[in-house]
Protein chains: 2
Amino acid sequence: MLPLHLQSESHIPLYVQLRDQLRALVHSGELRTGDRIPASRELAMQLGVHRTTVANAYAELESEGLIQGHVGRGTYICGAPARQFTPPPRSNGNGGSVRWETLFADERGEDGLSRLTPEVPRDAIGFVAARPPEEYFPLEEFRTCCNAVLRSDGRKVLQIGSSDGYEPLKSALIDFFRDEGLSVRSEQLLITGGCQQAIDLLCKAFLRPGDAVALENPAYPGALATFGAARIRTLAVAVDTDDAPGGRLGLNIDALESVLMQNRVKFIFATPDFHNPTGTALPLSERRRLLDMAARYQVPVIEDYIYGRLRLRAAATPSLRSLDRTGSVIQIDSVSKIAFPGLRVGWCIGPESVIERLRLVKQATDLHTDQLAQATLAEFIRRGHLARHLVKMKKVYRSRLDAMESALGKFMPEESSWTRPEGGMSVWLSLPAGFDAGELLIHARERGVMYVPGRYFYHQNPQPNTLRLGFASLDEKRITRGIEILGEVVKTEFRKRQRGARSELHSRVALV
Amino acid sequence: MLPLHLQSESHIPLYVQLRDQLRALVHSGELRTGDRIPASRELAMQLGVHRTTVANAYAELESEGLIQGHVGRGTYICGAPARQFTPPPRSNGNGGSVRWETLFADERGEDGLSRLTPEVPRDAIGFVAARPPEEYFPLEEFRTCCNAVLRSDGRKVLQIGSSDGYEPLKSALIDFFRDEGLSVRSEQLLITGGCQQAIDLLCKAFLRPGDAVALENPAYPGALATFGAARIRTLAVAVDTDDAPGGRLGLNIDALESVLMQNRVKFIFATPDFHNPTGTALPLSERRRLLDMAARYQVPVIEDYIYGRLRLRAAATPSLRSLDRTGSVIQIDSVSKIAFPGLRVGWCIGPESVIERLRLVKQATDLHTDQLAQATLAEFIRRGHLARHLVKMKKVYRSRLDAMESALGKFMPEESSWTRPEGGMSVWLSLPAGFDAGELLIHARERGVMYVPGRYFYHQNPQPNTLRLGFASLDEKRITRGIEILGEVVKTEFRKRQRGARSELHSRVALV
């Protein structure tokens, strides 16, 4: 028996765990050239996993040249060809940060997933991203604003600035909020380097290692990474995705109450509008219950509003911040989803004392946010470009969401289900029970379709059959084609499994 | 006797401590309207402080309307006029961050010191800042570069990017380093949001609460703030400022060794080139000793190179990074001092494994540094503007440093001394023994001259008679005039003290 220990609760796909452990056994010398390893069916039974898991791990090790199959004789170790394969992903000992790094774009491929799976076809249909498509960036308007501020205030922009933000940006945002019906004073507003930094600053200002935060499960992996790095415990609150009539949506408030009753919770972290990854929006009545509960248990709420302005259907629901009467809500927000992710500019709105504390923490973190970005954005907002761009993009996204839902209805097998978001950038798909979206990705990738397996978003009880489909950066045609292919892959695997189940039944019958 | 407790070791000036404690006694009701408080001479004797300390505290309370003097009758409490005065500075319970916030520029005054001292004359001569003067910013070149990158790569610049940095900036920096004789690979380079963020990332990546870092004393207050916020212990290593022939300069390596012998130290943090605040540069032989010691004790070194390129006199000394043969040095750097502080762009150079770890931490902190700033800076470097700007600014600073040294020689009393920096942006002045630079600032400010008292830079054994004079942002005429005034203020106070000592002597003689 090989010393293999797979953790089904882990965020790392089982086949990746198996592949890495087998490779480690070769490198440590426990497995040597010429050693025979078990057939995939045999090892799958030993480990209590699906045979596909073992087959996938073997396939990757074979492509690395580490093992070789001989027809009729079995599978053998062929030695460790030093450094001919990509280094093993650092899947252990690095806490949350490693798991989610694969989710963000980098220069080395369309997205980080390509590190694990380098052979993505060039014209792959990537449902991975949840970000604005750069072909719609209003570049001329942006460049004009940039020139204007450099001409009029260049010296001020390029000189050291305030930790709470560049004053013209704060003013422009306050006016923008006023047009949306929200009154914010300058002392209640801190400019940050995006929502990610807002979470980091909140951790530093108010949380200590071992403190607990109640958080949707699944959740934004960036939040999990930041809390993980600060050694904050995340307490899972289920997210309801059932939008049948009378069904519930978003953070389950009853589940939240039982978490609050049983734990000393420092913050509730919630994304009531178009929650990433599920796309759900919390109904008004549940928002009110959440705020009542927060006040009753005296636990402040961090409201992630990053998708809040991307409502594509139905009437708007007021944000927690605008419903708050007790000063319990800190809202974090950014221009990443509504305009330019490459500009690292976001903000926090909260009670004055909180903002003052965050300002001091911000100062000890990076002095202040880049002023060229702040000043240009201020002008972009002041001239009305942001409001106009938002109107335009909502039409684009609306049409893409329609295309995705119609394709899902047409091509996905009946045994699967998905959320019907009223906004945001992603749909949450549940494959037929027993499927592992991480393993299915291998087959989907071969057909040129990519997505993010649900595992990456869970901090407890991962549901392996779930996955996130981003719809914002693909046009309708590619969305339809991509979902069609994904539907075929799911159906093919579904049939294989049914055949496998039948043939297993036959073998058992034959053995009897 | 009033319950007053002044801490002479504190970073808070004594008169500020006294003022705040007296005010607190009024607010708590322990002192009431009509209560008589001791005469300044009397209270000074009780507390064992100089009479000026009490006089300064009383003067501020009087201007707040909290106390009033009656000729021949003494000083009385006149009640607490609610909110007519500025809120007391939050001098307790906030660790390092509060102390140094007063050092950085903000929109509300020439610098943060104006919060403590709002009545700065409009044409004050501020030796407070250590930053490039904005009137020399090459704005046209910068704007041209900004336009060029937005025209050619706008979509890429404004889309989400890599946590390790925008590739064209990394390339431009690597070429820039090559021209300086230093070979750096992309895997050894991480772009940060400035040096301040580099320190924050290093804390997160490698330090835990209670860990210790050996650090110059005095030191950059921003480093102290970040370490303080992360609850890292800072171990003080003395800085030699004696540059008489045969004298020593910079971090005292013998003192460092005794710190390393007696403590488990995680990092040595050093600024060998034009140390802030003293302006000293560590000689080559001492750099070699530092590196040997780091290797022997296996303690990595963080080299703050932010002033490294601002050598104004004498031949260059190689950086620790370029002398390092054992991979012990992580160099942190930024464009704040050599170009544009308002662009929050800096970098770390270190071993690959360190950079990879920092990249993951950076990702969980703010995803990546703003790309508009990175791209524009890349173009600014690529076109040779940075190198040319640096040559120009070094001439400007050289002439300002000359003016400052010549004025100090001409106007300061013999009992004072100062460092003779070969570069950087500040001179460190030691007033005659017994002076408190924090208290002298009140008089200097009245005459329209500002500086930073040395206390703000010490993390142990503050030397109250020291102060920092930044010379980079003032022209020669204002430098000369400012030092002339400062010299007069020092001489006046010096004479007052001599008279005071004499009259005290007379009183004692009379009493005998």
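Biologist: How many bridges join strand 2 of chain A to strand 3 of chain A, and in which sense do the two run?

Modeller: Four bridges link strand 2 (residues 67-70) to strand 3 in chain A, and the two strands run antiparallel. This is a predicted model. The general idea is that strands of a sheet pair through backbone hydrogen bonds, either parallel or antiparallel. In this pair, Gly69(A) has Thr75(A) of strand 3 of chain A as its bridge partner.

Biologist: What stands opposite Ile37(A)?

Modeller: Thr75(A) in strand 3 of chain A stands opposite Ile37(A). Strand 1 (residues 36-37) of chain A is joined to strand 3 (residues 74-77) of chain A by two bridges, again with an antiparallel run.

Biologist: How should I read a sheet order, for example in chain B?

Modeller: The order lists strands as they lie side by side. Chain B has an open sheet of three strands in the order 1-3-2, with antiparallel pairing. Strand 1 (36-37) and strand 2 (67-70) of chain B are the edge strands, and each pairs on one side only. Strand 2 and strand 3 (residues 74-77) of chain B pair over four bridges in the antiparallel sense; in strand 3 of chain B, Gly74(B) is the bridge partner of His70(B).

Biologist: Which helix lies across strand 2 and strand 3 of chain B?

Modeller: Helix 3 (residues 51-63) of chain B lies across them, and runs at about 110° to strand 2 of chain B.

Biologist: Which strands stand at the edges of the sheet ordered 13-14-17-16 in chain B?

Modeller: That open sheet has four strands with antiparallel pairing. Strand 13 (417-418) and strand 16 (452-453) of chain B are at its edges; each has a single partner strand, so one side of each lacks a neighbour in the sheet. Strand 13 of chain B is joined by two antiparallel bridges to strand 14 (residues 426-430) of chain B, where Ser430(B) stands opposite Ser417(B).

Biologist: Now a helix. What is the reach of helix 11 of chain A from its first C-alpha to its last?

Modeller: A helix's length can be compared with the rise expected for each residue. Helix 11 (residues 284-297) of chain A has 14 residues and reaches 20 Å, close to the 20 Å expected at 1.5 Å a residue.

Biologist: Which residues of helix 11 of chain A are buried, and why do they count as being on one side?

Modeller: The buried ones include Glu286(A), Arg287(A), Leu290(A) and Ala294(A). They cover an arc of only 105° around the axis, so they fall on the same side of helix 11 of chain A. On the other side, Ser285(A), Asp292(A) and Arg296(A) are exposed. The cover over the buried residues includes strand 8 (250-251), helix 10 (253-262), strand 9 (267-270), strand 10 (301-304) and helix 12 (320-323) of chain A. Just after helix 11 of chain A, Gln298(A) takes a positive phi of about 55°.

Biologist: What about chain A as a whole?

Modeller: Chain A has 17 helices and 17 strands. Of its 512 residues, 51% are buried. Among contacts in chain A with a separation of 6 or more, 71% join residues 24 or more positions apart.

Biologist: How many residues does each chain give to the contact between chain A and chain B?

Modeller: Chain B gives 53 residues and chain A gives 54. On the side of chain B that touches chain A, helix 6 of chain B supplies the largest share, 10 residues. By class, that side has 22 nonpolar, 18 polar and 13 charged residues.

How values were computed: Residues numbered from 1 in each chain as written. Chains lettered and ligands numbered in written order. Predicted model: local features only at pLDDT ≥ 70, side-chain atom pairs only at ≥ 80, totals over all residues. Pairing = 2+ DSSP bridges. Expected span 1.5 Å × (residues − 1). Buried ≥ 20, exposed ≤ 12 C-beta atoms within 10 Å, placed from the backbone. Arc of directions from axis to C-beta. Contact = placed C-beta atoms within 7 Å. Nonpolar A, V, L, I, M, F, W, Y, C, P; charged D, E, K, R; others polar. Axes fitted to C-alpha atoms, helices over the stretch in contact; angles between N-to-C directions.
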